[in-house]
Amino acid sequence: MMQIWVDADGCPKAIKDILFRVANRTEILTTLVANQTLAMPPSRFIKMLRVQSGYDVADNEIVKRLSRGDLVITGDIPLANDVIEKGGHAINPRGELYTLENIKERLNMRDFMDNLRSSGIHTGGYAPQNSQDVQAFANQLDNFLAHR
């Protein structure tokens, strides 16, 4: 039985709200993994896994508990890569489905941008999430669940 894991520390509220509704509608166990307690509605399909603070602690816990075919919601590209390598699926909060075909390119671009930043070049960052991003996420999630 597929589960949904959420890299919840940085996950926008609008995305978590969509995931809460989906968990109850589809009866798919959805677990938020974070280093702090998060607000969530009471539901037998929504769980919280609180981990210690620290670099990649939540990511490592998700990969450790992940089963083949599970879905992970994350904007963390290295985590998405680990998920895919373990046979899982990953969608970012802006609605992009990470796949075997695109994850290496995303990792390379991330590393390139990190190198630019470490050499002192200001690269900017992601624009704040907007309603189109939220809708793209909802559409991608619905599409994924319809074809699982």
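This is a short tour of a predicted model, with a suggestion at each stop for what to select and what to look for there.

**Stop 1: helix α1 and a pair on it**

Start by selecting residues 13-26, which make up helix α1. Now show the side chains of Lys-13 and Asp-17, which meet in a salt bridge with an N to O distance of 2.8 Å. Both residues belong to α1 and sit four residues apart, about one turn of the helix. Turn on the surface, if your viewer offers one, and compare the two partners. Lys-13 counts as exposed, because its relative accessibility is 58% and exposed means over 50%. Asp-17 is partly exposed, at 24% relative accessible area. As general background, side chains of opposite charge can pair when their charged atoms come close.

**Stop 2: Lys-16, a lysine without a partner**

Stay in helix α1 and select Lys-16. Which side chain of opposite charge is nearest to Lys-16? That side chain is Asp-9, 7.6 Å away. Lys-16 has no salt bridge, yet Lys-16 is buried. A salt bridge has to fall within 4 Å, so the 7.6 Å to Asp-9 does not qualify. To see the surroundings of Lys-16, add Ala-8, Cys-11, Leu-32 and Leu-38, which Lys-16 touches once residues up to four places away in sequence are set aside.

**Stop 3: the buried side of helix α2**

Next, select residues 57-65, helix α2. Colour Ala-58, Asp-59, Glu-61 and Ile-62, which are buried. Look down the helix axis: these residues cover an arc of only 165°, which puts them on the same side of α2. What covers the buried residues of this helix? Show these elements one by one to find out:

- the strands β1 (4-7), β2 (30-34), β3 (46-50) and β4 (71-73) are included in the cover;
- helix α3 (77-85) is included as well.

**Stop 4: a salt-bridge network on α2**

Keep α2 in view and show the side chains of Glu-61, Lys-64 and Arg-65, which are linked in a network of salt bridges. Glu-61 meets Lys-64 with an N to O distance of 3.6 Å. Glu-61 also forms a salt bridge with Arg-65, where the closest N and O atoms are 2.6 Å apart. Along the helix, Glu-61 and Lys-64 are three residues apart, about one helical turn. Glu-61 and Arg-65 are four residues apart, also described as about one turn.

Is Glu-61 buried or exposed? Glu-61 has a relative accessible area of 15%, so Glu-61 counts as buried, which means under 20%. Lys-64, in contrast, is exposed at 60%, and Arg-65 is partly exposed at 40%. Across the model, the count comes to five salt bridges.

**Stop 5: Asn-102 in a loop**

Finish at Asn-102, in the loop between β6 (97-98) and α4 (103-118). Asn-102 is buried, with a relative accessible area of 13%. Which backbone atoms does the side chain of Asn-102 reach? One is the backbone oxygen of Leu-97, at 3.1 Å. Another is the backbone nitrogen of Thr-99, at 2.8 Å. Leaving out residues up to four places away in sequence, Asn-102 touches Glu-96 and Leu-97. For a last look, select Asn-81 too: Asn-81 and Asn-102 are 21 residues apart in sequence, and their C-alpha atoms are 9.8 Å apart in space.

Note on methods:
Residues numbered from 1 in each chain as written. Predicted model: local features only at pLDDT ≥ 70, side-chain atom pairs only at ≥ 80, totals over all residues. Heavy atoms only, no water. Helix = DSSP H or I, 4+ residues; strand = E, 2+ residues; numbered from the N terminus. Buried < 20%, exposed > 50% of the residue type's maximum accessible area, 1.4 Å probe, protein only. Contact = heavy atoms within 4.5 Å. Polar contact = N/O pair within 3.5 Å; in protein donor to acceptor, adjacent residues only side chain to side chain. Lys, Arg positive; Asp, Glu negative; His and termini not counted. Arc of directions from axis to C-beta.
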